[in-house]
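Student: I would like a close look at how the helices pack in this structure, taken slowly and in connected prose. Please add whatever you can say about individual residues in the parts around them.

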Amino acid sequence: MILSMKNIQKSFDGLGVLRDISFQVDKGEVVSVIGPSGSGKSTLLRCATFLEQIDSGEIRYMDIPAVTTDASGRGHYVSPAELRQIKRYYGLVFQQFNLFPHYTVLRNLMEAPVVVQKRDKEEVRAEAMELLRKMGLQDRGDAYPYQLSGGQQQRVAIARALAMNPSILFFDEPTSALDPELTGEVLKVIRQLAEEHMTMVIVTHEMAFARAVSDRVIFMADGVIVEEGDPEAVLGDPSQARTRQFLKNYQR
């Protein structure tokens, strides 16, 4: 087990956004999270990566507790030092790339492994160049983000996340800021990672892609997990009326 989230509750201004969410992700598994806008998908990822604090519940990485809940029902996080160690287990790829605009592509990849992980600079450089080659960007190391297309920037963002050698990668709608032509570039890279058994959780609106690459699909609506299971079952023959309604509307 790489990630376990149990009984996750999260509210904003008294409005329940995540309501008793529980799921886990095993090593090598690809899990796609689908659902309508406002269903809590991105909030779930932000809670899993500590960008948002949960109200109550339990979060574990590699069976190490990051958040527990006391008898009064309040969530408690481990110390900042312990949390820093746990954060090494995952990488997050955002919708909007979030590259450092004043750094070259190569430095974007190298900065965190060298500065945060204190790794050898030349070793990190060699790994970064290999990641750029894998992304089809081996000749763009000296370029700056503004000189790249959106698809190229997102591939750099994926490479940057991989440079930290995470155990699990999270993707928050990684193609939503891209036009259809560039979307294919990014989905191809994620598909390749799936074939290499990279553990991933992908929030996506790309149904055909989710069906093709996922080991499991989770459908969320109104802050709860409505249905989860094999992608052929959830996307091809869903058991829940809410899932059927979403897929019917989505396909129009």
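Tutor: What follows goes through the helix contacts and then through a few single residues outside them. Please keep in mind throughout that this is a predicted model.

Two packed helices are described by the angle between their axes and the distance between the axes. For helix α5, residues 150–162, and helix α6, residues 180–195, the axes come within 8 Å and cross at roughly 25°. At an angle under 35 degrees a pair counts as roughly parallel, and α5 and α6 are therefore roughly parallel to each other. Their crossing is right-handed. On the α5 side the contact is made by Gly150, Gly151, Gln152, Gln154, Arg155, Ile158 and Leu162, while α6 contributes Leu182, Glu185, Val186, Val189, Ile190 and Leu193. Sorted by class, the contact of α5 with α6 has seven nonpolar, four polar and two charged residues.

Helix α5 also meets α3, the helix of residues 105–115, and here again the axes come within 8 Å and cross at roughly 25°. The helices α3 and α5 are therefore roughly parallel to each other, and the crossing of α3 and α5 is right-handed. The residues that make this contact are Val105, Asn108 and Leu109 of α3, together with Val156, Ala159 and Arg160 of α5. By class, the contact of α3 with α5 has four nonpolar residues, one polar and one charged.

From α3 one can go on to helix α4, residues 121–134, where the axes of α3 and α4 come within 9 Å and cross at roughly 135°. That angle makes α3 oblique to α4, and the crossing of α3 and α4 is right-handed. In α3, the residues Val105, Leu106, Leu109, Met110, Pro113 and Val114 meet Lys121, Val124, Arg125, Ala128, Met129, Leu131 and Leu132 in α4. The residues in the contact of α3 with α4 divide into eleven nonpolar and two charged, with no polar residue. Val105 and Leu109 of α3 appear in the contact with α5, and Val105 and Leu109 are also listed in the contact with α4.

Helix α1, residues 41–48, can be described by its burial, since it is mostly covered, with six of its eight residues buried. The buried residues of α1 are Lys41, Thr43, Leu44, Leu45, Cys47 and Ala48. After α1 comes Phe50, whose phi is positive, near 65°.

That angle leads to the backbone. Most residues other than glycine have a negative phi, and most peptide bonds are trans. Asn98 is not a glycine, yet has a positive phi of about 55°. This residue is placed in the loop between β7, residues 90–93, and α3, and Asn98 counts as partly exposed at 41% relative accessibility. Asp20 likewise has a positive phi, of about 60°, although it is not a glycine. Asp20 lies in strand β2, residues 15–25, and is partly exposed, with a relative accessible area of 44%.

Two loop residues can be followed through their side chains. Glu29 lies in the loop between β2 and β3, the latter being residues 30–34. With a relative accessible area of 13%, Glu29 is buried. The side chain of Glu29 reaches the backbone nitrogen of Asp26 at 3.0 Å. Not counting residues up to four places away in sequence, Glu29 touches Gln24, Met198, Thr199, Met200, Asp215 and Arg216.

Thr204 is found in the loop between β9, residues 200–203, and α7, residues 207–213. At 3% relative accessibility Thr204 counts as buried, and its side chain reaches the backbone nitrogen of Glu206 at 2.9 Å. Leaving aside neighbours within four places in sequence, Thr204 is in contact with Ser32, Val33, Ile34 and Ala210. The C-alpha atoms of Thr204 and Pro174 are separated by 7.3 Å, although these two residues are 30 residues apart along the chain.

Definitions and conventions: Residues numbered from 1 in each chain as written. Predicted model: local features only at pLDDT ≥ 70, side-chain atom pairs only at ≥ 80, totals over all residues. Heavy atoms only, no water. Axes fitted to C-alpha atoms, helices over the stretch in contact; angles between N-to-C directions. Helix = DSSP H or I, 4+ residues; strand = E, 2+ residues; numbered from the N terminus. Parallel < 35°, antiparallel > 145°, perpendicular 65-115°, else oblique. Left-handed = near helix turned anticlockwise from the far one by under 90°. Contact = heavy atoms within 4.5 Å. Nonpolar A, V, L, I, M, F, W, Y, C, P; charged D, E, K, R; others polar. Buried < 20%, exposed > 50% of the residue type's maximum accessible area, 1.4 Å probe, protein only. Polar contact = N/O pair within 3.5 Å; in protein donor to acceptor, adjacent residues only side chain to side chain.
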